[in-house]
Amino acid sequence: MTGLPGMAGAQGMAGAPEAPADWSPVERRLWDAFRCGAVCDLSVGDRHADDPAAPGSWGPERTVRAGVLALLLLAGPAAVPGTVRGLKLTGALVTGRFDLAGGRITDFVELRACRFDTGVLLSEAQAGTVRFDGCWLPRLDGSRLTTSGDLVLARCVVPFGVRLTDAQIGTDLIVNYLTAGCDQYKHAFSADGLTVHQDFEADRLTTYGDLSLRTAKVGGRLSLRGAELHARPGQSNCLNAARINVGSTCYLTGWLPLGPVRPHPGTHPLAVQGVVYSLRNGDPGPFYRAPQSSDPRAEEPQAPDAQDAPPVPAPRPAAETGEPMAQGSEFGDMYAQGFGEPAALGSRTLPFRAFGGVRLEDARFESACLITNAEFHLGEDQELSLRRIQTPELRFTCPTPPTGTVALSRARIGNLVDSPGAWPTNHRVRLTGFAYENLRPPEGTAFTIAQRISWLDHALDAYHPEPYEQLAAALRRDGLDEDAREVQYAKQHRRSQNLPLLSRFWCRFQDITVGYGYRPGRAAAWLVAAWLLGTLWFAGHQPPPVKVDEHPHWNAALYSASLVLPIVNLGQDGWAPAGFSQWLSAGLVMTGWLLATTAVTGATRVLQRG
């Protein structure tokens with residue numbers, strides 16, 4: 001506690017009725033508000049002047065030292081009898097390093113529309129509920145932070161990133177509308193090993209650097225509706241959530257605006273341009289001083305190199321773009337909106353956008369993974385990786401296909417809900433070992449068997465029998481035996497294209513005659529053609545009888561039928577064809593065995609299905 005303001009009487013602060021004498025009038029006012037849990041509001045009532053991310057200076061009448069906040073939270077005065085104390089501060093300029101690393105915070109913390117001139121350090125701290133709502137802070141380091149309640153970073157601007165590695169959040173983690181730049185390691189939101197016991201809401205999150213959630217555990221839902229994630233130049237992924245475990249549903253979907261309200265803090269175009277300027281030019285800006293952490297394991301934020309800065313577009317105000325924002329308070333609702341059916345969102349939704357690779361390998365989603373109204377802008381070496389994911393339902397209904405590779409190798413899915421236009425058609429889909437139980441088209445749409453086969457033909461870079469077998473098995477489980485045979489036929493046709501020349505001729509013959517055994521109608525047609533050929537020939541070329549005085553009545557049609565139908569005896573034995581008739585008879589017998597077997601097999605399938 002050395003160096004904090006008012007420390008001369010810190011030993012008796014718990015029972016002190018008055019703030020230390022060396023505190024400013026504003027800090028004394030905060031002291032009184034803290035003791036009774038009231039809000040200390042230092043804002044002036046002007047939206048642009050109160051925007052902490054907008055240019056402009058805030059004077060002493062709005063300035064509070066970070067040490068004062070730390071002292072109140074770590075060794076603050078007793079509450080006024082009959083009240084619950086808490087730190088509730090609005091519209092303040094917080095100067096100095098706000099360092100609560102390793103501390104135990106028992107009071108409710110809510111900081112709204114505050115401007116921090118130095119990063120916030122919460123690593124290894126223990127707290128109840130902590131809320132930063134609409135604040136501007138250079139960086140937040142909450143590695144190994146433990147909360148029993150919510151952690152809220154809604155509508156904040158954090159130019160040099162957020163770090164929550166191995167943090168433990170007791171209820172919800174809410175980062176709706178957060179805008180985050182990246183640190184020197186190109187991480188905008190680093191939360192590997194994070195545990196959130198309930199929901200992780202990140203609607204309309206904007207990052208310039210990767211969102212890293214490797215091995216994270218979310219007890220409820222993970223929502224990234226309407227988020228916009230940018231990978232930095234030279235970076236493979238904008239979202240890296242390998243081995244994440246989500247207890248409910250993962251939403252990589254669009255976001256539905258509900259009505260116009262005033263923009264939240266941090267969306268002022270000049271403010272965002274200031275953040276972009278800092279990222280591009282390595283200039284920390286007028287409100288940033290790099291903190292000197294006492295924790296040697298803490299990352300020190302540094303401005304990225306200018307040449308690596310991402311192309312960050314500064315948004316225009318809602319009045320200019322016509323974009324409505326979520327309903328709520330004057331600056332919007334930190335809790336975003338409710339969850340409805342994706343089909344009800346319509347074309348008005350703002351899509352989820354990923355400018356870089358998305359890695360969800362080995363992820364587990366207990367309810368569903370919804371990828372709808374999403375855009376994936378991928379480079380040649382980037383991919384949407386869903387390898388080995390496990391979920392009861394995968395919904396993949398993007399209006400436009402990803403520009404890179406979609407990998408589903410060895411994924412295990414219950415229901416696959418997809419649309420034809422969602423998949424790449426440039427042989428950039430990896431389906432080796434991809435297993436799904438059922439196929440379900442989206443509500444009000446159809447995915448025909450021809451489109452299914454085209455999906456496989458245009459998705460696979462080379463012939464692999466397994467995806468065709470998987471599709472046929474799923475169709476059979478749904479009772480669509482005819483469609484399953486169409487898939488098997490398509491598999492053989494695709495296979496024949498990769499065979500040597502002579503083998504391709506033989507496959508072509510099989511295709512024309514029997515459809516590789518999956519077109520019994522074609523075999524029956526050839527069987528009838530063979531019978532007609534034999535009937536026409538033998539009608540004018542009756543063979544001599546084996547015994548002149550003992551032979552059946554001659555019937556060319558029955559004789560040809562007895563040749564082409566194996567085992568069947570139609571009473572036409574006793575004739576001895578010779579010459580060409582003998583060769584024709586042998587050919588009809590062989591053709592009959594081949595074609596009749598195929599036709600009977602097809603008829604048996606029909607009877608079994610009936």
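In the predicted model, the charged end of R452 is placed over the ring of F447, at 3.7 Å from the ring centre. The charged end of R452 also sits over the ring of W455, here 5.4 Å from the centre. A single arginine side chain is thus described against two rings, that of F447 and that of W455.

Aromatic rings also meet one another, and 10 aromatic pairs are present in the structure. A pair of aromatic rings is described by the distance of the centres and the angle of the planes. For F396 and W423, the ring centres are 4.6 Å apart and the planes stand at 40°, so this pair is classed as tilted. F396 belongs to strand 36 (residues 390-397), whereas W423 lies in the loop between strand 38 (412-418) and strand 39 (429-430); the pair therefore ties together parts that are 27 residues apart in sequence. F396 and W423 are both buried. Another aromatic pair, formed by W537 and F580, is edge-to-face, with 4.8 Å from centre to centre and 70° between the planes. Here the partners come from helices: W537 lies in helix 9 (residues 520-540) and F580 in helix 11 (residues 580-609), so parts 43 residues apart in sequence are tied together. W537 has a relative accessibility of 24% and therefore counts as partly exposed. Ring pairs also link F98, F116 and F132 into a cluster.

The protein chain as a whole has 610 residues, of which 53% count as buried. Its secondary structure comprises 11 helices and 40 strands. Among contacts in the protein chain with a separation of 6 or more, 58% are between residues 24 or more positions apart. The chain exposes about 25800 Å², and carbon and sulfur atoms supply 55% of this area.

F132, a member of the ring cluster with F98 and F116, is also part of strand 10 (residues 130-133). Both faces of strand 10 are covered: V130 and F132 are buried on one side, and R131 and D133 are buried on the other. Strand 10 has parallel neighbours. Strand 6 (residues 108-112) runs parallel to strand 10 and is joined to it by four bridges. Within this pairing, V109 has V130 of strand 10 as its bridge partner. Strand 13 (residues 151-152) also runs parallel to strand 10, with two bridges between them. In this case R131 is the residue on strand 10, and its bridge partner in strand 13 is V152.

An open sheet of three strands is arranged in the order 2-4-7, with parallel pairing. Strand 2 (63-65) and strand 7 (115-116) occupy its edges; each has a single partner strand, so one side of each is left without a neighbour in the sheet. Strand 4 (residues 93-95) pairs with strand 7 in the parallel sense through two bridges. Opposite L93 stands R115 of strand 7. Helix 2 (residues 66-75) packs on this sheet and touches strand 2 and strand 4, its direction making about 60° with that of strand 2.

Further parallel pairings involve strand 19 (residues 187-190), which is joined by two bridges to strand 15 (residues 162-163). V162 stands opposite F189 of strand 19. Strand 19 also pairs with strand 23 (residues 210-212), in the parallel sense and over three bridges. One bridge partnership in this pairing is that of H187 with D210 in strand 23.

Contacts between parts distant in sequence are illustrated by T249, a residue of strand 29 (residues 249-252). T249 has a relative accessible area of 10% and is therefore buried, the cut-off being under 20%. T249 and A368 are 119 residues apart in sequence, yet their C-alpha atoms are 4.8 Å apart in space. Leaving aside residues up to four places away in sequence, T249 touches G220, R221 and L222, together with S367, A368 and L370.

Methods. Residues are numbered from 1 along each chain as its sequence is written. This is a predicted model: local features need pLDDT of at least 70, side-chain atom pairs count only at pLDDT 80 or more; totals for chains, interfaces and linings use all residues. Side-chain values use heavy atoms; hydrogens and water are left out. Buried means under 20% relative accessible area, exposed over 50%, partly exposed in between (1.4 Å probe, protein chains only). Contact means heavy atoms within 4.5 Å. Accessible areas come from the Shrake-Rupley method with a 1.4 Å probe; for residues, only the protein chains shown count as cover. Two strands pair if DSSP finds at least two bridges between them. Axes are lines fitted to C-alpha atoms, for helices over the stretch in contact, and angles run from 0 to 180 degrees between N-to-C directions. Rings of Phe, Tyr and Trp (its six-membered ring) pair if their centres lie within 6.5 Å; planes under 30 degrees apart count as stacked, over 60 as edge-to-face and the rest as tilted. A charge sits over a ring if NZ of Lys or CZ of Arg is within 6 Å of the ring centre and within 35 degrees of the ring normal.
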